[in-house]
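Reader: I would like a close look at a single part of this model, the place where its two domains meet. Please take me through that part with care, and then follow the thread outward to whatever else belongs beside it.

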Amino acid sequence: MPKTPLALVSPTQAELDTDAKDTAPAIYVTQPALPPLEEFIPYLQEIWDNKILTNGGPFHQQLEKALCEYLGVKHLALFSNGTLGLVTALQALRVTGEVITTPYSFVATAHSLLWNGIKPVFADVDPDTLNLDPAKIEAAITPHTTAIMPVHCYGHPCDVDAIQKIADNYNLRVIYDAAHAFAVQDEGGSVLRHGDLSVLSFHATKVFNTFEGGAIVCPDAKTKQRIDHLKNFGFVDETTVVAPGINGKMSEINAAFGMLQLQHVDAALAKRQSIDAVYRGALQNVPGIRCLQDAGERVANYSYFPILVGADYPLSRDGLYQKLKDNGIHARRYFYPLISEFPMYRGMVSAHRENLPVASAAAQKVLCLPIYPAMGEDNQKRVIEIILATF
Ligand SMILES: *Cc1c(COP(=O)(O)O)cnc(C)c1O
């Protein structure tokens with residue numbers, strides 16, 4: 001097997017060409033946390049022995065239980081990825097019409113609405129957290145609005161109380177895209193307990209990964225049961241199908257890997273925390289660089305390290321992005337372009353840039369710096385030195 005770098009985001013040929021000229025190895029925005037391979041072999045042996053590969057097998061059941069305990073939530077349904085979790089969450093609550101959501105996210109957030117024939121209505125974000133601004137949500141409500149789909153962007157919790165108040169006043173559902181919010185807690189416990197449902201992603205790029213994977217966190221056993229039917233074609237038993245369900249089941253190999261990953265996740269989160277602290281210390285007084293602050297969470301997950309490059313910095317955001325790239329460091333412009341800029345959305349009135357001034361400005365300034373458990377001091381020093389070296 002050739003030894004290729006396991007980059008989160010596959011490098012383009014141009015990037016690879018650049019890398020080839022560099023003496024130092026490339027640094028990507030993230031690198032998946034992988035435990036030692038030999039630790040996974042016993043799990044594989046168990047699967048080979050019992051011949052159960054999927055359909056809610058023993059590892060699937062174990063991981064649902066273990067994640068409920070680890071995250072501090074009551075019920076959770078595993079999925080083969082987070083996007084199918086979002087699509088199924090909307091089905092489970094029978095959401096129709098219009099849903100208010102954020103343009104400042106990964107494109108799957110709004111795509112899950114289109115896949116359900118729902119019209120996304122984009123509202124602007126708060127300049128401090130870059131999460132949906134509750135006042136803008138309220139202003140976007142129409143007689144067709146049935147739900148809100150906010151994102152805990154970068155793992156920083158939304159203004160959950162204000163959002164719930166609006167939902168209660170207007171009788172709306174709330175489905176959180178919590179793809180970034182694994183293990184995040186506020187004063188009352190897991191941030192995943194808020195809203196009607198929360199959807200996690202365990203994609204390779206996320207804080208906790210099962211290669212591909214995801215989950216819906218739900219408040220009661222009845223909702224979980226409906227979701228479990230929906231993710232298995234609508235089957236209730238051998239001969240009964242109650243809904244036009246999909247195949248969203250997590251396989252035993254992914255679930256087994258999740259069980260192993262859980263043993264390492266605390267160490268991974270601690271490493272992320274120290275990398276975050278080093279960046280903040282090094283960049284706090286750099287003119288024109290603003291490190292995004294947390295949103296007051298009691299337990300953070302340090303999933304991303306977004307900086308905003310302002311006018312006082314000698315380079316533009318794209319200038320810094322390019323300079324890092326020229327030095328083999330692949331920072332990423334999450335989230336640029338905004339979801340509302342993509343062709344299937346940009347014709348919508350709510351997608352117009354003048355309706356989204358805060359998100360539009362952030363998309364022009366943001367740069368996510370590399371952060372991952374195995375990053376190491378030397379790699380981080382390289383990133384910081386390039387940012388500082390422009391003065
Ligand atoms: C990663 C991500 C998703 C999609 O999750 P997958 O598991 O890759 O399908 C959805 N929303 C956000 C905000 C994400 O970052």
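Author: In this predicted model, about 3400 Å² of area is buried between domain 1 and domain 2, and carbon and sulfur atoms give 64% of that area. Of what domain 1 buries against domain 2, 20% is supplied by Val265, Phe335 and Ile339, which is more than any other three residues supply. The domain assignment places residues 12-31 together with 265-388 in domain 1, while residues 37-262 make up domain 2. The contact between them takes 37 residues from domain 1 and 41 residues from domain 2, and the C-alpha centres of the two domains lie 25 Å apart.

As for polar and charged pairing across this interface, the rule finds 0 salt bridges between domain 1 and domain 2, whereas it does find 19 residue pairs in polar contact, with both partners at pLDDT 80 or more. On the side of domain 1 that touches domain 2, at least two residues each are supplied by α9 (252-283), α11 (357-365) and β16 (366-369), and the largest share, 5 residues, comes from α11. Sorted by character, the residues of that side divide into 24 nonpolar, 7 polar and 6 charged.

Phe335, already named among the three residues that supply 20% of the area buried by domain 1, deserves a second look for its backbone. The peptide bond that leads from Tyr334 to Phe335 is cis, with omega near 10°, and Phe335 has its place in the loop between β15 (329-330) and α11. A second cis peptide bond runs from Tyr336 to Pro337, with omega near -10°, and Pro337 is likewise found in the loop between β15 and α11. For a further backbone feature one can turn to Tyr154, where phi is near 60°, a positive value in a residue other than glycine; Tyr154 lies in the loop between β5 (145-149) and α7 (160-170).

Although the rule finds 0 salt bridges across the interface of domain 1 and domain 2, the structure holds 12 salt bridges. One of these joins the side chains of Arg173 and Asp196, at 3.2 Å from N to O. Because Arg173 lies in strand β6 (residues 173-177) and Asp196 in the loop between β8 (189-190) and β9 (197-201), this pair ties together parts that are 23 residues apart in sequence.

The ligand has 14 residues around it, and of these Thr83, Asp177, His180, Ser201 and Lys206 come nearest. The side chain of Ser201 has an N or O atom 2.7 Å from an oxygen atom of the ligand, and a polar side-chain atom of Lys206 is placed 3.2 Å from an oxygen atom of the ligand. Gly82 contributes through its backbone, where an N or O atom lies 2.8 Å from an oxygen atom of the ligand.

Returning to the chain numbering that domain 1 covers, residues 12-31 and 265-388, one can ask how its separate stretches come together, and Arg382 offers one example. Arg382 lies in helix α12 (residues 377-388), and its C-alpha is 9.6 Å in space from that of Ala24, although the two residues are 358 residues apart in sequence. Leaving aside residues up to four places away in sequence, Arg382 touches Ala24, Pro25 and Ile27, and also Asn327, Gly328 and Ile329.

Notes
Residues are numbered from 1 along each chain as its sequence is written. This is a predicted model: local features need pLDDT of at least 70, side-chain atom pairs count only at pLDDT 80 or more; totals for chains, interfaces and linings use all residues. Side-chain values use heavy atoms; hydrogens and water are left out. Domain bounds come from an automatic or database domain assignment. Contact means heavy atoms within 4.5 Å. Buried area is the accessible area (1.4 Å probe) that two parts lose on being put together, summed over both. A salt bridge is a side-chain nitrogen of Lys or Arg within 4 Å of a carboxyl oxygen of Asp or Glu. A polar contact is a pair of N or O atoms within 3.5 Å; within protein, one must be able to donate a hydrogen and the other to accept it, and residues adjacent in sequence count only if both atoms are side-chain atoms. Helices (H or I, at least four residues) and strands (E, at least two) are DSSP runs, numbered from the N terminus. Ala, Val, Leu, Ile, Met, Phe, Trp, Tyr, Cys and Pro count as nonpolar, Asp, Glu, Lys and Arg as charged, and the others, Gly among them, as polar. A residue is near a molecule or strand if one of its heavy atoms lies within 4 Å of it.
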